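Subject: Structure handover

Hello,

Here is the structure I said I would pass on. Please open it and keep it beside this message while you read.

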Amino acid sequence: MKLKAICTAVVMTATFGSAHAQEVVRLGNLKFAHYGAVSYIKEIAPKCGIKVEERVFAKGLDVMQAIIAGELDVGTTASEAAISGRAGGAPIFVVAGFAKGGAQLVSRADLKLKTVKDLKGKKVGVTRGGIQEVLLLAELQQNGLTVSDQPGKDVQLVFLAYADLNQALLGKQIDAMMQSEPQSSQAINKGFGTEIIKPYDTPIGEPVRTMVMTEKFYKEKRPLAEKFMSCFVQATKTFIDNKAIAEKYVREVVFKGQITKDDFDDAIGNSPYSYDITPEHIQTTTDVMVKTGVGRMAKPPVAKDWVKTDLLEAAKKSLGVK
């Protein structure tokens with residue numbers, strides 16, 4: 001009996017120790033160059049005492065759906081998807097900002113469009129519901145151009161997935177596109193696109209990409225949330241301080257050799273890795289979304305109610321990151 005009791009105790013201890021060592025964080029992410037540091041968290045997670053299971057989605061709204069379905073603890077999106085998600089009932093807090101910028105308005109190279117006003121009478125491709133759509137509509141409004149996805153307005157929108165925009169520009173199905181990185185830089189580097197503008201002169205400025213946590217994870221798994229945030233800060237600091245590691249990981253692991261060194265350099269030049277976000281930035285983005293009609297929110301969320309940066313600030317302080 002004593003031997004059996006000891007064996008049972010050993011098994012229970014091993015099981016508990018294994019479960020404790022394998023605290024899992026379920027992360028939803030997107031496949032873009034500036035989301036690379038977030039992907040890198042899973043590589044260094046064991047050093048942080050956690051395991052990160054990453055799922056890659058096509059767009060931020062898909063991440064929000066997975067959060068609502070209870071499939072994720074943490075998600076990364078552009079700010080507009082987080083805002084739309086919160087307005088639609090997603091139980092999330094914005095906890096960090098992991099990159100900024102990340103958009104370009106690109107013309108077909110043969111058209112040589114120089115300004116936003118030159119888009120009059122043209123077809124412009126964009127991904128529906130993305131921050132690029134918010135920026136595009138804000139730019140068009142700012143320049144006095146009317147817009148619709150049907151013919152008859154100054155600019156006709158053509159809604160396409162991020163992955164299909166470059167091919168549509170190359171195939172001359174659209175005249176210009178508001179595209180993310182690294183795809184926008186790829187179009188320019190391959191010679192079938194030219195830059196019109198980086199769209200950061202709207203009230204939004206450079207859009208900050210948001211990391212969100214579920215309210216349950218933030219409130220009920222606080223020690224694990226703290227470990228994850230520390231890991232995020234470490235991964236991001238590594239990518240900011242050591243460009244060679246960042247480039248190798250993004251080009252070889254995330255994109256599996258599909259982007260060049262120039263593509264990476266240009267993409268990150270236009271979407272640098274970062275940590276921070278403010279309620280003011282999220283509120284301004286929300287206000288522009290309301291003004292442009294993106295997201296069609298019945299009750300836009302108030303940023304100060306759901307932007308929670310205390311975990312980030314504590315992690316940065318403990319790691320000596322400014």
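Below are the findings on strands, cores and salt bridges, in that order. Please keep in mind that the model is predicted.

Strands

Start with strands β1 (residues 24–30) and β2 (residues 51–57), which run parallel and are joined by seven bridges. To find the pairing on screen, look for Val24, which stands opposite Lys51 in β2. Between the two strands the chain passes through helix α2 (residues 36–44), and this β-α-β crossover is right-handed.

Nonpolar cores

In soluble globular proteins, nonpolar side chains tend to be buried together. Here the largest nonpolar core has 95 residues. Leu119, Met211, Met213, Phe228 and Phe232 have the most contacts inside this core. Helix α9 (residues 222–241) contributes nine residues, the most of any element. The core also takes at least three residues from each of domain 1 (25–100 + 206–319) and domain 2 (103–197).

Phe232 is a useful residue to click on. Leaving aside neighbours within four places in sequence, Phe232 is in contact with eight residues listed here: Ile41, Ala96, Gly97, Phe98, Met211, Ser274, Tyr275 and Leu312. There is also a second, separate core of eight residues, including Val106, Leu165, Ala168 and Ile174.

Salt bridges

A search of the whole structure gives 22 salt bridges. Three of them are described here.

The first pair to look at is Arg108 and Asp110, whose closest N and O atoms are 2.8 Å apart. Are the two partners buried or exposed? Arg108 counts as buried because its relative accessibility is 9%, which is under the 20% cut-off. Asp110 is partly exposed, with a relative accessible area of 43%.

Next, Asp241 forms a salt bridge with Lys237, with the closest N and O atoms 2.5 Å apart. Both residues lie in helix α9, four residues apart, which is about one turn of the helix. Asp241 counts as exposed at 53% relative accessibility, whereas Lys237 is partly exposed at 33%.

The last pair is Asp265 and Lys243, where the closest N and O atoms are 3.1 Å apart. Asp265 lies in helix α11 (residues 261–269) and Lys243 in helix α10 (residues 243–254), so this salt bridge ties together parts that are 22 residues apart in sequence. Lys243 is partly exposed, at 46% relative accessibility. Both residues belong to one network, in which salt bridges with shared partners join Lys243, Glu247, Arg251, Lys261 and Asp265.

Regards

Definitions and conventions. Residues are numbered from 1 along each chain as its sequence is written. This is a predicted model: local features need pLDDT of at least 70, side-chain atom pairs count only at pLDDT 80 or more; totals for chains, interfaces and linings use all residues. Side-chain values use heavy atoms; hydrogens and water are left out. Two strands pair if DSSP finds at least two bridges between them. A crossover is right-handed if, with the strands pointing away from the viewer, the path from the first strand over the helix to the second runs clockwise. A nonpolar core is a set of buried Ala, Val, Leu, Ile, Met, Phe, Trp, Tyr and Cys residues joined through side-chain atoms within 4.5 Å. Buried means under 20% relative accessible area, exposed over 50%, partly exposed in between (1.4 Å probe, protein chains only). Domain bounds come from an automatic or database domain assignment. Contact means heavy atoms within 4.5 Å. A salt bridge is a side-chain nitrogen of Lys or Arg within 4 Å of a carboxyl oxygen of Asp or Glu.
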